[in-house]
Structure formats: structure tokens, C-alpha cells
Amino acid sequence: MYKLCLNSRDELLIVDLEKIAFFKANGNYTQFTYILGESHLLTVGLSKIEEYIRLAWPKDVPSPFVRLGRSLIINQRYLSAISVLKQKITLSDGGEHSYALSAPKPLLKEYKDRINEIYVNKAKK
């Protein structure tokens with residue numbers, strides 16, 4: 001279980017990274033949402049969160065988190081659909097929790113091609 005301990009002047013927050021669906025930039029702040037719906041606003045930017053994830057995740061285990069543009073980091077474990085035309089990426093737990101997030105077309109097209117290539121290569125092995 002991989003966790004972040006985020007300490008500010010007024011609160012301490014333990015974040016269970018494996019249950020995070022996404023981190024989204026909100027100005028100089030970052031909002032994160034667990035797959036089950038709970039959401040929090042952090043007083044640090046998305047770049048700092050990206051750095052914290054990199055430090056918390058073991059080097060020998062591939063991180064499921066991927067940065068999509070300037071404002072979004074997603075947990076690929078919950079990836080269920082990419083629609084380039086609608087400019088949406090959908091994260092889901094396969095049950096009742098689902099999130100449709102907006103992202104630019106070129107970024108989604110590149111990410112879709114990258115994901116497709118991974119699955120094609122796995123199928124060939």
C-alpha cells in the first residue's frame with residue numbers, strides 16, 4: 001500500500017495512492033478524488049504532487065499514475081474509456097463510480113495510441 005503524508009500548518013492528510021482516481025489542477029491548488037467519490041483540495045500545485053508520487057512509489061514498481069497535460073494526473077488502473085472526439089477520458093471502478101474528465105484532443109489521441117500499443121504488444125507475447 002503506497003501512501004502520501006501531506007502535512008500543512010493546520011492539518012495532516014494521509015493519502016492512499018492506490019485508491020486515487022485522479023488529481024486535477026485548480027489554480028495553484030490540486031484537487032484529488034478517490035475512486036469511491038471522496039474529494040480533497042490540497043494547497044500545493046500539480047507539479048509538486050507529481051514529485052511526491054514519484055518519491056512515494058518504489059522505483060522497481062511501475063507507477064499507475066500518468067500526467068495528461070497541465071492539469072490532470074490519472075490513475076491508469078481505473079481507465080475504462082478514451083473518446084478523442086468527445087475530448088473525454090473515463091475512469092471507473094467497474095461498478096457505480098465513474099468519472100468523465102475533459103482533456104485536449106491531441107493529448108488524448110497520443111495517449112490512446114500509447115495505450116493501444118501496450119495492449120497490442122501484450123497480445124503478441
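Student: Where is Q87 found?
Tutor: Keep in mind that we're looking at a predicted model. Strands β8 (79-83) and β9 have a loop between them, and that's the place to look. So Q87 is found in the loop between β8 and β9.

Student: What is phi of Q87 near?
Tutor: Most residues other than glycine have a negative phi. Q87 isn't a glycine, yet its phi is positive. The value is near 55°.

Student: Is Q87 buried, exposed or partly exposed?
Tutor: Buried would need under 20% relative accessible area, and exposed over 50%. Q87 has 34% relative accessibility, so it counts as partly exposed.

Student: Let's move into β9. Is S92 buried or exposed?
Tutor: S92 is found in strand β9. The cut-off for buried is under 20% relative accessible area. With a relative accessible area of 18%, S92 is therefore buried.

Student: Which backbone atom does the side chain of S92 reach?
Tutor: Leaving out residues up to four places away in sequence, S92 touches I35, Y78, S80, H97 and S98. Its side chain also reaches a backbone atom at 2.9 Å. That atom is the backbone nitrogen of G94.

Student: Which residues have the most contacts inside the largest nonpolar core?
Tutor: In soluble globular proteins, nonpolar side chains tend to be buried together. Here the largest nonpolar core has 17 residues. The ones with the most contacts inside it are F22, I74 and I89.

Student: Which element gives the largest share of this core?
Tutor: Elements giving two or more residues to this core include β3 (20-26), β9 (88-92) and α2 (105-124). The largest share is three residues, and it comes from α2.

Student: How many residues are in the other core?
Tutor: This one lies apart from the largest core. Among its residues are L13, L17, I20 and F32. The count is 16 residues.

Student: Which residue stands opposite L13?
Tutor: Strand β1 (residues 3-7) and strand β2 (residues 12-16) run antiparallel, with five bridges joining them. They form a hairpin with four residues between them. L13 is in β2, and the residue standing opposite is L6.

Student: Now R67. Is R67 buried, exposed or partly exposed?
Tutor: R67 is found in strand β6. Its relative accessibility is 27%, and the buried class stops at under 20% while exposed starts over 50%. So R67 counts as partly exposed.

Student: Which side chain does a polar contact of 2.9 Å join to R67?
Tutor: Leaving aside neighbours within four places in sequence, R67 is in contact with L46, S47, E50, L72 and I73. A polar atom of the R67 side chain also lies 3.0 Å from the backbone oxygen of G69, but that's a backbone partner. The side chain joined to R67 at 2.9 Å is that of E50.

Student: How many Å separate the C-alpha atoms of R67 and K105?
Tutor: Along the chain, R67 and K105 are 38 residues apart. In space, their C-alpha atoms are separated by 15 Å.

Student: Last one. Which element gives the most to the lining of the largest pocket?
Tutor: About 310 Å³ of space lies in the largest pocket. It's lined by 13 residues, and Q76, Y111, I115, I118 and Y119 lie nearest its centre. The element giving the most, with six residues, is α2.

Key: Residues are numbered from 1 along each chain as its sequence is written. This is a predicted model: local features need pLDDT of at least 70, side-chain atom pairs count only at pLDDT 80 or more; totals for chains, interfaces and linings use all residues. Side-chain values use heavy atoms; hydrogens and water are left out. A nonpolar core is a set of buried Ala, Val, Leu, Ile, Met, Phe, Trp, Tyr and Cys residues joined through side-chain atoms within 4.5 Å. Buried means under 20% relative accessible area, exposed over 50%, partly exposed in between (1.4 Å probe, protein chains only). A polar contact is a pair of N or O atoms within 3.5 Å; within protein, one must be able to donate a hydrogen and the other to accept it, and residues adjacent in sequence count only if both atoms are side-chain atoms. Contact means heavy atoms within 4.5 Å. Two strands pair if DSSP finds at least two bridges between them. On a 1 Å grid over the protein atoms alone, a cavity is a set of points where a 1.4 Å probe fits but cannot get out, and a pocket is an open set with protein on both sides within 12 Å along at least five of seven lines; lining residues have an atom within 4 Å of a point. Grid points are joined across faces, edges and corners, and a volume is the space filled by probe spheres set on the points.
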